Structure formats: C-alpha cells, structure tokens
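Thanks for sharing this one. Here are my notes, set out as numbered points so that you can follow them with the structure open beside you.

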Amino acid sequence: MIDRIKKKAEELLRTKQVDLIIGYKRAPDGVSVAPVFIDKAEETKELIWDTYCVYNLSNYLKDFRGRKIGIIAKACDARSIIVLLQENQLKRKDIFIIGVECSGIVDEKKLLSISPQTSELGFDERCRSCKPSKPPIYDVLIVQEGQRPQAPRLEKDPYGSVRKSEAKSISEKFKLWQEEFSRCIRCYACRQICPLCYCPRCVADQTQPSWLSRAHSFRGNFTWNVTRAMHLAGRCIDCGECERACPVGIPLRDINKKIEKDVKELFNYEAGLSAEQKALLSCFDKNDPEDFIR
Amino acid sequence: MRYAYFPGCSLHSTAKEYDLSTKAVAGTLGIELIEIPEWICCGATPAHITMHLLSLALPVKNLLLAKKMDSYEVATCCAACFNRLKVANHFMENDSVHRDKVNEIIGEQYSGEVKVRHFLDILINVFWLKNLSERIIKRLDNLKVACYYGCLLTRPGEVTQFDDVEEPHLMDDLMKILGVEPVDWPYKTECCGASFSLTKTDIVLKLSGDILQMAYDEGAQAIVVACPLCQSNLDLRQAMINKKFKKNFDMPILYFTQLVGLALGIDPLKLGLNKHIVNPLKLIKSVGVL
Amino acid sequence: MKIGVFVCHCGTNIAATVDVERVSQEAAKEPRVKFSTTYRYMCSDPGQNLIKEAVKKHHLDRIVIASCSPSLHEKTFRKCAEKAGVNPYLMEMANIREHCSWVHQDRVEATAKAIELIRLALAKVSRNKPLEYLYIPIEKKVLIIGGGIAGIQSAIDIAFANYPAVILEREPSIGGRMARFDKTFPTLDCAACILTPKMVTVSQSKHVTMHTYSEIEGVKGHVGDFTVTIRKKARSVDINKCTGCGACYNKCPVRVPSEFDMGLGKRTAIYIPFPQAVPNVPVIDRQNCLWFTKQKCGICKKICPFEAIDYDMQDEIIEEKFGAIIVASGFTQFNHAVYGEYGYGKYKDAITGLHFERMANSSGPTGGKIIRPSDGKEARDVVFIQCVGSRDEQKGLSYCSRLCCMYTAKHALLLKEHNKDAQAYVFYIDIRAAGKNYEEFVKKVQDEYGAVYLRGRVSRIFEKSGKLIVRGADTLSGAQIEIKADLVVLATGLVAQPDAPGLARMLHIPYDRNNLFTEAHPKLAPVETITSGVFLTGACQSPKDIPDTVATASAASVKALGLMVQDRLQREPLVAKVDAKTCSGCFACIQACSFTAIEEEEIEDKRLKKKRLIAKVLEGVCTGCGNCTAVCRMSAIDLEGFSNRQIMEEIEAL
Amino acid sequence: MTATEGSPERKRGKDKKDWEPRIVGFLCKWCSYAGADLAGTSRLQYPPNIRIVRVPCSGRVNPLFVLKCLVNGIDGVLVSGCHIGDCHYSEGNFYARRRFVILKRLLEYLGIDPRRFQMSWISASEGDKWARVVKELVEEIKQAGPNTEFRKGI
C-alpha cells in the first residue's frame, strides 16, 4: 500500500500537479509518526502509512491556502476536508486528495499500557464505531491489500456511552464534568489541533466584548468547553484530535458525540458527508422539534 | 398480528353469527384474537344518556384490562363498542379534567395509550386488501350488495378517525376484493332507528323501511353491515316492515365478515349463516357460492 | 462619558407604585451619571424641553429615559435627543411602566426593580455608538402582482398620479375573476360593462405596462429597490405583430373545455380566454395544439396575415426594478371534494357558483340559459347550498367567506329572471348581508322573486330517477326536508391561491394558517405588510367583495404613491456590520440570512498578504434581525443598536 | 449603590430562606416584548424576579449570552420569540429553535438543571401567557434552588 502512496505522491510532485505533499513519516523514536511536508519528488521515500498514522492532516491545509496541495487522508480526515470545502475554507481544485482505506488506527495512550502486538485492543475507541473504511471524497483511492487487523466493532449503538451518561442524575453529571473541566488549563490545544477551528480570531481571544473569563476558573473553563462544543455542532466529524491533544485528558469526544447524537436524532443531519450540504445552524426545517418550548 | 378482542354483549347474544364469522375469518387469516378476560359492558347507549362519567369509566375499565394483557391494540366488531371505546380514549387523551376524574373513580392511571381498531379497519389497513385478495378461494361474483355503515362507525370523525365520515367506502372496497359488486347508494350512513327498536318501534319501521327500499331500488340483493344493532333492526323487523308498508322485501342482512368468510372458503354454518331471520342461504346458493 | 437619567412619573402610572424620587437619587450615584431628575410627563413638550436644557447645562452626551415601553416612545425620545444635540442612538429607555409599575404592587419591590432596570439601560447606553441614518433611493415604479379588479384599480390610480405601474398576470388576459361574473350585487350592473372600460383604460395608459401570461420567479431587495425576476411564458404569438383579428382561432380545429367557462363551453387550442380579453392577443395551449403534440396542422401560422405566430417562442426571463409592490393575487374556490355527501365529481348537475355565473351570462357557454349540464334541459327547481367549506372547521374553513350569502341571493334572482317558472331553494346557516343595500337585496329576492330560504344544512345529495334529491334540515320548523332538484349550486368558499405561501416567502410577508396574507395591523394598517414597501389588496388577504376590493386597491395605491413622491427614504441604521479582520469567510451568515442581505466581498488581507473573500452586508437590504450575528462563530458580524458589547454589558450589569 | 430594602439583590446574599431567584429574559421586540407590554397595559401581576433584555429577534440571541448569564450566577434564563410563522423576520425563530435545542440538551448533559434555561413563544397579544410563564418560571427556579454552581473555584 505504501508503495502505491509513494508512487502517486512522487508522480504528483514530479508532474507539478501539486506544490506540496502533506503526509506521514516515522518519528525519531522509531515507532510513532509525525506529519511531513514534502515539496521535492525524491523525498517522497520518507512517506509511511500504518496504524500509527493518527493525525488528521487536514488541519494543515489552511496554512497553505492558495497553493496546490496533495494530502493523504483517511475517511475521517476526508470528512473534515468536506466541511472545510462546505465552509469555503478550501478550493476543491487546489487540493489533491490521496484517499487511503483504513481499518482503524491505534490509541497511543492505550499502547502505553499494553503491548502493541496484542492486536485489536490497541485501536482507538472511535475507530470501533466508524462505518466507512473508504474516504467519502478523494482524487485517488489507495485500497488496502491483504488482511489487516480490523478495529473490533463496538455494540450496534455508536452512542451507547452517551446514552449511559444521559441516564445519570443531574447532580451526578454536574459533579463529573465539574471534575473534568476543573483540570482544564486553558492551553487551547483542543482548538489548535482541530481542523475546523480556523477562526481568524477565536471568541476566546476577543476582548470587546469579553465573551468568557480568561482566568483559570471553573466559570471560564465551563464556558470555554461549552463554546468549543457548540461551535462544532453539526460540523465535528469525530476525528478525535481534540481529545488526543488534551494534555489533561478531558473526554472531549464524549461532548462532541453527545451533540452529534442529538443532531442526528433531531435533524437527521450528519457532518462532512457532502460539500453542498447547508451548515446545520444556518438552515432549519419547519418541523424541527419544539416540544421544549413553552 | 395479535389483538385483545372485545366482543361486547351483542356478539355474545343476538349477534352470535357476527362473533362466529369474525373468529372464523381471523383464524383463517392468522389474526390472533384473544378475548379480554372479564370484560364488562362498554356502556353502549344507556350509559351516556345516564351519566357522562360512567360512559367513560366503563370503556376505560376494559381498556385497562387490555393494557394488562400487554396488548396495546384492541379489536372490536360492534360499531357501538368501537364508538364508545374510541370516545373514551379521545377524552382520556385530550381532556385532563375528565381524565383525572375517571382515573380517580377507577383507581388506576390511564391516558388513552391503548389503541382501538375496528375489525374492518384491521382487515383493510393492517392485513392489507392485497394480502386478503391472495387468500381468496371463491370469488363471490354475481352478487350485488348495499354496504350500510350506520351512524356509529364513522362519527364523529375526529374521534373515530375512520374512513370518510359522510361518504365511507372501506366496506365497499372490501366487497370489490371479494368479487361482490357494491351499489352506489346514498343511505350508507342513514339512521336505522337504533335502540328505539323496543320503545318506539314505529320509528324503526319507517327508517329501516326507507333503507331497505333504497337498497332495493338501487338493485342490491343484500345489505352488508358492520353493526349488530343495524343488522337486527333490518333483519328482525323486515317482516313487520313488509306488513306495515305492504312490501315484499326479502333482503338478507349480512355481516361483512360472513362474506369474507365465504370467499375464504369457510363453511357457511361456521359463519352462522343459518342464524338469520331473512334466510340468506337461498341467495348465496343462487350466486353459485354453494 | 456624561449620562443623564430622566425618570418619568407618567402621572401616577409610574409614581403610584415606584418611588421615582428615590429611583432618581439612586441613579445619580451610578458611575458616569452626571445628572438625574424626574418629571411628571417626560414625553410632553415641557418634559422634552427639560431634557434639552439638561443636556445643554450639564454637557450630557448620553441619555437614559426611564418611562414607558420603547415600543411607544422610542421614536419620540430619539427625536428629542437629536434636537438636544445628542446622537439619537445614544439614547436608551428603561421600561419602568409596562414591565414594572403596572405589573407589581409592592412599592419596595417595584422601586428596587426600577433601579435595576435603569442600571441595565445605563450599561447598554455606555456601549452605544453614535449612528447615522441610512438613506436609500427609490425606484419610481410600482409592481402590481395580479391583474384582477384589485390590480387593475391599483394600476389606474398609480397611472393617474403619473407614476409607472407594471401589472403581472399569469393568465393570458387581465380581468381575473370579475371578468367571469354575470351581474354584480346588489345593483345588478353587468360585470363586463363596468370592468371592461377599466381594462381598456389600463391597456391604453402610457404609464401602465402589462406582463400577461407571466409568473413571478423571485424578489430581491427591499423597499425602494426591489429587483423582481419575471418569467414571461411563451405565448407562441408575437404580441407586437398580432392585431387581434381572430383569423387563427376561428380556423383552429381543436376543441377543448374552456377554463374560463368552467368547462361548460369549449375553446380552441389557439385562443383568447374571452372576447373582451386585454391584451386581445391569442395564446397557444401547447398541451392540446396539434402542432406541438403531433407536428401536424399549422393552420394558424399559415393563415395569420401578420406572421405573428411563432411556434419556436421560448419562455423569457426578465429582471425589473421596482420601488414598491402591491400584492393583488386574489383567491381561488374552495375544493369541495371533501364533501363526499354532496356528490363531488359524481353528479354533473351539482355545480359551483362560478359555473352558475357562466351559465347566467348571455355571452356564456349556454347563451344565458340555466340548464342541467347532464342533459342540457332547462333547470326549474334549483337548490342553492351556502357555506360549502366556509364556517365548517371539521371539513373546511373556520372563517366566513363573506360573499356567498350575497352571490347566492343574486343567483336566486337571476334564476327567476332567466326562467319565470323556476324555483330557488336556499339552504343557509345565517344570512350575512352587512353592506350598503345588501339586506334590502336579500329581502327583495325572498319577497319579490319567491326564493325559499331554509335555515339548515344539507346532509346528502343523491340521484334518483334523473333528479337530484337534496336532503336537509329546516331548523326553523324542525322538519327534515327532501327536495327534488334539477340543479344544485354549491356556494363554495373563497380560499387563498395554492401557491400563496411561496409568494409570501418571496416577498417576506407573513401569512396565516389559511395561507391568507397578513396585514401589518388588522385595524390601523390594513393594507400594509410588515415588509415595508409591500402592500396588500383584495382577496389574497381575506375574502372581499368588489367594493371592498376596489377600496383596498386604492388604499394600497396611495401607500405606494406615498413612497413614489419621496426623493429618498430614511432608514434606521440598525443593521449588521462585518469586521473584516475577524471574518473567516465561512459564509454561515449568507446561508442564514433570510433577506439575501449579505454577499461575498474580496479584500486584501494585510496580515496574510493575500486576497481573500469575506462577508459584506448590504445596508439597504439588511432588516436588522441579527440572526447572522448568532450563527457567526467568530462574532465577526455584529448588529448596530443591539451589539454584542451592548448586550454583554447588560448581562454583566444584572 | 446601597442595596434597597427587600431587593432581590440583598436577599441573594443572605441565607437560602430569603433567596429570591434572578431571571433574565431575552425577548424579541416584536412579539414577546410587546406581549410583556400588554401584560402591563392589562395590569396583570407577576413576580418581580425577571429582567428583560430587548433584542430584535429570538434569532439574535447568541448561545454565548445564555452561557454568560448562567456562569454569572443568574438563576434562570428565558429566550422568548414569536410563534412559528409569526416571526417579523419570517424565519428568525426557526433558527433560534434549532440552535437552542442543541444548547439546552448539551447543558443538561453537563449537569446544568434544565429548568435554568428555557424557551417560549409569546405573541404580542399574549399578555396573559407572559404573566403565566413568568410565574411558572419563578416557581420552577425556586424549586431548582440558587445557581451557585459557578461560584465555586477550581
């Protein structure tokens, strides 16, 4: 598979179809992976592809706006590219998507505690409820050859854990999240890593007005985390980067999933499936639910 | 397909043949009807002219019994039972004042969650006409009938939510599937005189007589009904009508279930076709079913 | 910042429950407040003078008025501030009457709340920005949607004032419903005799343009500057070459039911809907024309001496600008299919009132004879049923259609005039004859024309030995009634056009649950809508008879002319605004704007040293709803007058 | 400013018995604000616990406004607009409805009492509904108790 990726990347650069390839290379530790930006055809040898390629590279696309970029994208990454296209942050003609078939990637944190060879258990949670193995958008698709360990399917309901949390009492829920949010150090790593957090000036940094307290307080932390989640409503494609990047381990994906579930159930809306789709909150249906309104 | 079956008083007495034919048809089609244990009177006409609350409490009691059978759908055949159960449900669902009062009387909580269906509705809208047509063994061609719905089956429209209120057609649709030709006649929802049968028989003779006349004029050989009281007025009083108005009606009054049963190849005796005053067997033989 | 606080007693309306003196004292202690006082009636002349003098004396630059609801006096006090030399948008009101003194009784509580409400207003005003009025030019042309009597009257009024008007009509001719009527109640003028001259006036006016056989496709813009897209459907006849000689339709071999005659008569495939049609130019019905269906015939093209027939004509899309729009799109008949008991579609001799009009018309399909459509025999016993659809919440409409009583009475009269031996029976619920000479007319029909009025509803109609048996109740005698009728006429109600909601959405005007357009105020602004520059007339708003329709048509024209005579329009500057640096160009706002008031704009981003697209608000189009501000994740778009800073400051002050 | 006697502000500081809820209402100026005006003109009485922030349309209300109120210790927040179909801007309330059902469910998920954030449609002719909604709201928030969740530090 990697040979075909390398070959395609080399060809794209050589024929000047793209100015730059964004892909993965082996990190100095010899196991994990780092993003790589290649503009010379001969350097494409460096590219790798395996289950350690966790990063959603689409986050880097906005830094190269206006240039022709080739990018290696898993299904989840491709969905964020769709949202970026939908929101006019990219031009389709400027990007060449090398779609890769994916059967799940590892969870680095899990790997610390178990041996990487114990196969399935090392997969990232989100891969266990991910439906497509092929990206919904690509210019060329590199399919998988042979058998590879497949992330074991989660129970039928991808929102099982959300439903479980929903059933808790209000005070239980509050206690839980109070504890989680209290750890937040407001480093904004979740924002920086998110391919869809591209605002030139984030509301968290604005002072006129000051939308949320910058102080490291529960008030401020709560507002920030709710704001981040709300701003991803109908947009988050569950690449899980925010949770991976969070240095204090706040389960951010759980919040994203909660909204994803509501949005699916209430409006039958899923993010990142088509660039022609209207933004969730910029449209409505006459029959949207309103049983919560007096 | 499983229903809590509410036969009602008529089907256990004067309308035995309605009960028999319904069970026979349901059995043949694999529709399971489980009689609600210890069901009581629906209240019929007497209850709601006596006391409004009673007229709601009686059917609610039955609906609660059905609910305890873990069945959320009740099947019934009698138009009056159907009407009373539907009315009770309507109140329990939409009127919190009556709901509270009735729940207090009964001592249980109910808010209209058990669905009530007429057997005609089940045949047509749940079992589907198309499925039924595939099960027909003997088409009843050469038979012309007037489908008579009576007052209670469709009214009031917002409660029964069943067919067109003034111009119903479900029974006609059913007949066409069986090969029977329904006549287009205007008296589908006229009043037959209903429970005046005993107290003011004259009224019943006049009204039922008009219905028979209209059906006869439009060329019907029989009248098909879905209500035991309509059946009894038209059937039982036919001789008196003939006498009073000097007519010669010999018009069998059949339940729709009986015709469905015949088409399914069920033995006429099992359908209670021997239990009528105006003998239908002659007619049935003449169209070549027997 | 020097803020002045002015607390109004409103006589005792406020002062009785709120300790205004104490409120004023407390307000004076607030930071940035330089002056605070109370007065008996702040909105009165002396009250306003007091404000002006205080501004001068204390050099106030912002004002808070604590009085009634801003819905009532915001304009008054903005003007007052302006006169005092303070920008009108540096004034805020604290509503201590409707939201405080009138809804609370406890003086201590009400006083405390009033102080807080002022604190809220102070917080907001401290973040207000001086704003300048917006001025927009006015396109001096009025669009009239619909060419019935309402649209025709509007066009005449506007043309009379020497302003251009454009009539948009989807049928091939103007004239609308009225053109189909025979006589009009209560004076029995012939409809054509009074309508045709008006149609001719319109067609000859140099100020009126007509787009017949045309549909509206889209509306953009706002008062003074609407851009309307119009589809001129292919008529297949060149309107400039045709002289209306009629050679084509006299020779056309096709015969199909005429829509104008409600299917009672026939027309040709190339046709004019009725003899007095304006423009007097035929149209080809492509569904039925042999040329279009079978590539045969072509007689009309061969015979036309002016070469006006053009089989290749295509729909034409045009765009035109208008300063105001009058909606005169009219009504349609209630579809009585839901009344199965009235034998819809089953009995040919059960017709609607509009069928009757065509039959009664001497130039109509039966030459003025009232016949039974089933066998062509003259009808003697005719039953009229009122309120078919109207006043029937179960099956039809909740409302009264208003004209059926009158037109039924007229029909009963016409029946007798056309056939001395005829007898009319009218089933009614109530007789509503509230108009000039209306009641007298109905009485005349009953007394002099022998129409039998039966108060009750009809339960069923059925056919028996060639007659229609009508069964109903006469609730006055308590009897059941059966009438053997030759003909039954159903007085079907008036309902909105099926595409009314679509038109309303295009125009941004609300409509009610019956799809009737909603006026800005049911009493005091009956022909205006909440979208300024869009006015209503006729039955698109509610069922109306001809006099009412003509009256609202003239009223709407005056409202439109009121705009036409102005040089430019002043608008409140409470519109959205984009901060270019913060905007990411995701255009969530464009998608969420119901008024297409936001467009893309290319800017040179100095930081990125690149060109990029951002959002730009069209100030003239923006209505100031602020929806864009809430969908903007980066808060790059803000609303003047209700800005993020103002509202957040209010929240902080709570 | 010195606290006025009996003002909710003073009560807030004291023990729970004296506590009076503080509620903020974001009201669209065409319908709900006018409805509240009508309650005044009709002299309908309701508790003085609500403060109204006037906005042009329920569609103007940013979820961040609601959040700000809650973390500032406001006990209840109401967003009120025109009934569906009545919006002065024809569609603003449709957007608000969609936006706030998500926020409401999210807040509940994170442990914020659902009674603290509510929505209503109140027309300009529903002064009585306004008074009723305020009364009910005050009652419900009283049952929910004071919003002290955000006063605690880390």
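**Notes on the model**

1. Let me start in chain B. Leaving aside neighbours within four places in sequence, Thr14(B) makes contact with Pro228(B) and Ser232(B). Please keep in mind throughout that this is a predicted model. Thr14(B) sits in the loop that links α1 (8–11) and α2 (16–29) of chain B. Its C-alpha atom is 9.4 Å from that of Lys275(B), although 261 residues separate Thr14(B) and Lys275(B) in sequence. Is Thr14(B) buried or partly exposed? With 16 other C-beta atoms within 10 Å, Thr14(B) counts as partly exposed, because a residue needs 20 or more such atoms to be buried.

2. A few totals help to place that loop. Chain B contains 16 helices and 8 strands. Of the 290 residues in chain B, 49% are buried. If you take the contacts in chain B between residues at least 6 apart in sequence, 77% of them join residues at least 24 apart.

3. Next, the interfaces of chain C. Chain B meets chain C through 6 residues of chain B and 5 residues of chain C. On the chain B side, these residues are 4 charged, 1 polar and 1 nonpolar. For the contact between chains D and C, the counts are 43 residues from chain D and 42 residues from chain C. On the chain D side, α2 (32–41), β2 (50–55), α3 (63–71) and α4 (92–109) of chain D each give two or more residues. The largest share there is that of α2(D), with 6 residues. By class, the chain D side holds 19 nonpolar, 13 polar and 11 charged residues.

4. Within chain C, strand β3 (residues 62–67) deserves a look. How many of the residues of β3(C) are buried? The count is 6 of 6. Both faces are covered: one carries Arg62(C), Val64(C) and Ala66(C), the other Ile63(C), Ile65(C) and Ser67(C).

5. The partners of β3(C) come next. Strand β1 (residues 3–8) of chain C runs parallel to β3(C), joined to it by 5 bridges, and Val5(C) has Val64(C) as its bridge partner. Strand β4 (residues 91–95) of chain C also pairs with β3(C) in the parallel sense, over 5 bridges. In that pairing, Ile65(C) stands opposite Met93(C). Between β3(C) and β4(C) the chain passes through helix α3 (residues 70–83) of chain C, giving a right-handed β-α-β crossover.

6. Two residues of β3(C) turn up again in the largest nonpolar core. This core has 211 residues, and Val64(C), Ala66(C), Ile118(C) and Cys589(C) have the most contacts inside it. Helix α5 (residues 107–126) of chain C supplies the largest share of the core, 11 residues. Beyond four places in sequence, Cys589(C) is in contact with Ile598(C), Ala615(C), Cys628(C), Val631(C), Cys632(C) and Ile637(C). A second, separate core has 136 residues, including Phe185(C), Met210(C), Tyr342(C) and Leu490(C).

7. There is also an open sheet of 5 strands in chain C, ordered β10-β7-β6-β18-β29 and paired in parallel. Its edges are β10 (208–211) and β29 (534–536) of chain C, each of which pairs on one side only. From one strand to the next, the twist averages 20°. Inside the sheet, β6 (residues 142–145) and β7 (residues 165–168) of chain C are joined by 4 bridges, with Val142(C) and Ala165(C) as bridge partners. Helix α6 (residues 149–160) of chain C packs on the sheet, touching β6, β7, β10 and β18 (324–327) of chain C, and its direction makes about 170° with that of β7(C). Helix α15 (residues 546–564) of chain C packs on the sheet too, touching β6, β18 and β29 of chain C, at about 175° to the direction of β18(C).

8. My last point concerns helix α11 (residues 353–360) of chain C. Why is α11(C) described as largely enclosed by the rest of the structure? Because 7 of its 8 residues are buried. These are Gly353(C), His355(C), Phe356(C), Glu357(C), Arg358(C), Met359(C) and Ala360(C). Their cover includes β20 (350–352), α12 (404–418) and β27 (487–492) of chain C.

Notes: Residues numbered from 1 in each chain as written. Chains lettered and ligands numbered in written order. Predicted model: local features only at pLDDT ≥ 70, side-chain atom pairs only at ≥ 80, totals over all residues. Contact = placed C-beta atoms within 7 Å. Nonpolar A, V, L, I, M, F, W, Y, C, P; charged D, E, K, R; others polar. Buried ≥ 20, exposed ≤ 12 C-beta atoms within 10 Å, placed from the backbone. Pairing = 2+ DSSP bridges. Right-handed = clockwise from strand over helix to strand, strands pointing away. Core = buried A, V, L, I, M, F, W, Y, C linked by C-beta atoms within 7 Å. Axes fitted to C-alpha atoms, helices over the stretch in contact; angles between N-to-C directions.
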